[in-house]
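Reader: I would like a close look at a single exposed position and its surroundings, followed by how that part sits in the rest of the chain. Please keep the account plain.

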Amino acid sequence: MDSEAAADFSRTLTTRHKCPACYKQYKKKGHLVEHMKVSNHSVHEPRCGVCQKHCKSFESLREHIIGPLPKANCSKIFSAQGCNLCLRVFDSSSSLSEHKRSYYVSPPTPIGTVKMPYSDSNFVNQNCRVPEAIAIDCEMVSGGSDGSLDLCARVCLIDEDENVILHTYVHPQIPITNYRFEITGLTEEHLRDALPLNVVRENILQILYNAEPTGRARLNGGKAGLLVGHALEHDLDCLGMTYPDHLLRDSAKYLPLMKTNLVSHSLKYLTRTYLGYDIQAGVHDPYEDCVSVMRLYKRMRSLNHQKDGIEISTAAYHSQNTSSNYGSFKAEELEKMTPDELYEISQPNYKCWCLDSK
């Protein structure tokens, strides 16, 4: 073997194919292609403001910069110029200080567990315009012979400006066996004159669908609002209602806000970590939880995900196929692509909330 051929052979053995998103390296191009197929890298992923490495969630990004074993250089720069809530890195300490003044918020003032009058004039806030997004939270009591059933006893809805649209106590359809007073603050007296569940449910649906027929979906020109909450399936189940999946924004199931093992965080943890204050210190207040989950949603929605200065189209957002575009290419075509070209055709495997603002 001559020297030139030997050099080519040596380069082949030492060549590494590097993922442009997470920086993993592979000996064979085919292995990189397989990695890109399953990784779902995209501009919507959280990324380090120092080295630009993509992370699957904000939790993994947090571990990358301030975890037990952080990346040394990234950690050093972040400690001086980074925001512990949004995890962005700023050009200067003055820019960081200005950001903190506008980004850090005070906890909401709880409505409290008080006896409320129930007249048609104040059951629903008639002066509140139905917004694009509505946050909901329910407080549950126990029912059933063994107390294992969750029954809705109090519900709150707010708009994007944190105005109360609806706040009421609810009379469950079956007897209550435990008021869970330590958590709910509710007693028999609070629910003595409460509205029946079916009346409350009907009012909620009228608010969400903006008094339109439920068959009209927002994507098809309807005026139904987005429903924001934490563990929404639980709230909807206890209310005995359904709502279109494409209109749900659930902070318990939103991939960037989940643990690295894809398990949900509690709303209490998310609020403390990403909003900077504590909730649910004693009795749970549905207004407090509504405000916190709405703030989380709006901050995720406001993230500016761009590529080469061009905003990502909403076409992929409304597509049924959110996993990748790789299936439209032959294996040999993919292996001829550069890592950057492979990244260009990759799509996230979740619906990014930033596209709600597009």
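Author: Ser-79 counts as exposed, because its relative accessibility is 60% and the cut-off for exposed is over 50%. The model is a predicted one. Ser-79 lies in helix H4, which runs over residues 72-81. Its side chain reaches back to the backbone oxygen of Lys-76, at 2.7 Å. Val-89 is 10 residues from Ser-79 in sequence, and their C-alpha atoms are 9.2 Å apart in space.

Val-89 falls within residues 81-108, one of two stretches, with residues 17-46, that an unreviewed UniProt entry annotates as "domain: C2H2-type". In the model, residues 81-108 are 43% helix and 0% strand, with the end C-alpha atoms 28 Å apart. Residues 17-46 are 37% helix and 13% strand, and there the end C-alpha atoms are 22 Å apart.

Helix H4, residues 72-81, also takes in position 74. Cys-74 is buried, because its relative accessible area is 3% and the cut-off for buried is under 20%. The structure holds zero disulfides. For Cys-74 the nearest cysteine sulfur is that of Cys-48, 3.7 Å away, and Cys-74 is in no disulfide; a pair would have to lie within 2.5 Å to count. Cys-238 is likewise in no disulfide, with the sulfur of Cys-138 nearest at 4.2 Å. Cys-238 is buried too, with a relative accessible area of 8%.

Turning to the interior, the largest nonpolar core has 61 residues. Those with the most contacts inside this core are Val-155, Leu-157, Ile-158, Ile-204, Leu-239 and Tyr-243. Helix H11, residues 286-301, supplies the largest share of the core, eight residues. A second, separate core has 14 residues, among them Tyr-26, Tyr-326, Tyr-343 and Ile-345. In soluble globular proteins, nonpolar side chains tend to be buried together.

Tyr-243 can be followed further. With neighbours within four places in sequence left aside, Tyr-243 is in contact with Leu-208, Tyr-209, Ala-224, Gly-225, Leu-227, Leu-236 and Leu-248.

For the protein as a whole, the secondary structure comes to 14 helices and 11 strands. Of its 358 residues, 46% count as buried. Among contacts with a separation of 6 or more, 60% join residues 24 or more positions apart. The accessible surface is about 18500 Å², and carbon and sulfur atoms account for 50% of that surface.

How values were computed:
Residues are numbered from 1 along each chain as its sequence is written. This is a predicted model: local features need pLDDT of at least 70, side-chain atom pairs count only at pLDDT 80 or more; totals for chains, interfaces and linings use all residues. Side-chain values use heavy atoms; hydrogens and water are left out. A nonpolar core is a set of buried Ala, Val, Leu, Ile, Met, Phe, Trp, Tyr and Cys residues joined through side-chain atoms within 4.5 Å. Buried means under 20% relative accessible area, exposed over 50%, partly exposed in between (1.4 Å probe, protein chains only). Helices (H or I, at least four residues) and strands (E, at least two) are DSSP runs, numbered from the N terminus. Contact means heavy atoms within 4.5 Å. UniProt positions are given in the numbering used here, feature names are shortened, and annotations may be inferred rather than shown by experiment. Accessible areas come from the Shrake-Rupley method with a 1.4 Å probe; for residues, only the protein chains shown count as cover. A polar contact is a pair of N or O atoms within 3.5 Å; within protein, one must be able to donate a hydrogen and the other to accept it, and residues adjacent in sequence count only if both atoms are side-chain atoms.
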